[in-house]
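Visitor: I am new to this structure and would love a close look at a single part. Could you walk me through the place where protein and DNA strand C come together, and then show me what lies behind it?

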There are 2 protein chains.
Amino acid sequence: MIKETSSNAYNRKFLHSVCRINGALETIAGRWKALMLIHIAEGKNRFSLLKQVLPTVSDQVLGRQLRELEADGLIGKTVIAEVPVRVDYHLTEKGEAILPILDALAQWHDKR
Amino acid sequence: MIKETSSNAYNRKFLHSVCRINGALETIAGRWKALMLIHIAEGKNRFSLLKQVLPTVSDQVLGRQLRELEADGLIGKTVIAEVPVRVDYHLTEKGEAILPILDALAQWHDKR
DNA sequence: CTGGATCCCCTATGATACTG
DNA sequence: CAGTATCATAGGGGATCCAG
């Protein structure tokens, strides 16, 4: 059994919280993700609507980031079998929960 | 003069808040920055101490991210003219203010 | 309409060596 | 001790074309 120094315990404690912070940052740090979350929350909840409000994002990147947000559980989607097909996105509970933190970040950014 | 549609006004409003969020994210999204801020807050406030607690970061990257955090106003440094020279880092008021947000991110990350 | 497939490029990160 | 200079690498993002 390895005797633990207080420094080792200290490191593991903080490394753990940092892993969580980095994990959180990675889920929202995509170039457009914060923007996409806000727009979806405001009703721009379809692929073509998001393209309209994010004019400089490519189809490929928009699609990829939508899938990543879905995989991370921040958004969900509803496929409506019309012709042409229609897809509605919506924030999950977890997606809603990030909005106040994004707001806090925006306010923090204005300091000084 | 260009007549504004309500959609244009809508876009500019949200694009503005998103620019602020992305700006905030960029200042802390470096691979090690959140970790560095926490460690500096906890007293690991010198180059060699940070290297000890961040064993996989290279000197080059550590130095660069320290300079970036300093340029963004999150940390300050004090150079003590000993031999060998000694440099102490400390969080600025702005740097302290981000800590609760990082904590909120960590708690959010644990959801579900 | 909603994206997947493919290719390219740029930037952040990393490794190594060197300096005041 | 506290960095900087140089080179190499990987992954995110962008452009274009294509498909259900």
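Guide: Here is a walk along the protein surface at the DNA, followed by a look at how the two protein chains join. Please keep in mind that this is a predicted model.

Let us start at DNA strand C, which has 20 residues around it. Both chains take part: the closest residues are A:Gln60, A:Arg67 and A:Tyr89 from one chain, with B:Arg31 and B:Arg64 from the other. Of the strand's atoms that come within 4 Å of the protein, 62% belong to sugar and phosphate.

Some of the phosphate contacts can be picked out one by one, and chain B offers three to look at. At B:Arg31, a polar backbone atom sits 2.5 Å from a phosphate oxygen of DNA strand C. B:Trp32 uses its side chain instead, with an N or O atom 2.8 Å from a phosphate oxygen of the strand. The side chain of B:Gln65 also has a polar atom 2.9 Å from a phosphate oxygen of DNA strand C.

Now step back to the elements that carry this surface. On chain A, α3 (47-53), α4 (59-71) and β2 (86-91) each bring at least two residues to it, and so does α4 (59-71) of chain B. The top contributor is α4(B), with four residues. By type, the surface near DNA strand C has eight nonpolar, six polar and six charged residues.

A record helps to place the chain A elements: an unreviewed UniProt entry lists residues 19-112 of chain A as "domain: HTH hxlR-type". In the model, that span is 60% helix and 13% strand, and its end C-alpha atoms are 29 Å apart.

Since both chains meet the DNA strand, it is worth seeing how they meet each other. Chain A and chain B each put 38 residues into their contact. Together they bury about 3900 Å², of which 70% is on carbon and sulfur atoms. On chain A's side, A:Arg20, A:Lys94 and A:Trp108 supply 18% of the area buried against chain B, more than any other three residues.

A:Arg20 has another role to notice here: this residue forms a salt bridge with B:Asp110, whose closest N and O atoms are 2.6 Å apart. The two chains share two salt bridges in total, and seven residue pairs are in polar contact between them. Three helices of chain A, α1 (6-28), α2 (33-41) and α5 (93-109), give two or more residues each to the side touching chain B. Among these, α1(A) gives the most, with 14 residues. That side of chain A is made up of 21 nonpolar, eight polar and nine charged residues.

How values were computed: Residues are numbered from 1 along each chain as its sequence is written. Chains are lettered from A and ligands numbered from 1 in the order in which they are written. This is a predicted model: local features need pLDDT of at least 70, side-chain atom pairs count only at pLDDT 80 or more; totals for chains, interfaces and linings use all residues. Side-chain values use heavy atoms; hydrogens and water are left out. A residue is near a molecule or strand if one of its heavy atoms lies within 4 Å of it. A polar contact is a pair of N or O atoms within 3.5 Å; within protein, one must be able to donate a hydrogen and the other to accept it, and residues adjacent in sequence count only if both atoms are side-chain atoms. Ala, Val, Leu, Ile, Met, Phe, Trp, Tyr, Cys and Pro count as nonpolar, Asp, Glu, Lys and Arg as charged, and the others, Gly among them, as polar. UniProt positions are given in the numbering used here, feature names are shortened, and annotations may be inferred rather than shown by experiment. Contact means heavy atoms within 4.5 Å. Buried area is the accessible area (1.4 Å probe) that two parts lose on being put together, summed over both. A salt bridge is a side-chain nitrogen of Lys or Arg within 4 Å of a carboxyl oxygen of Asp or Glu.
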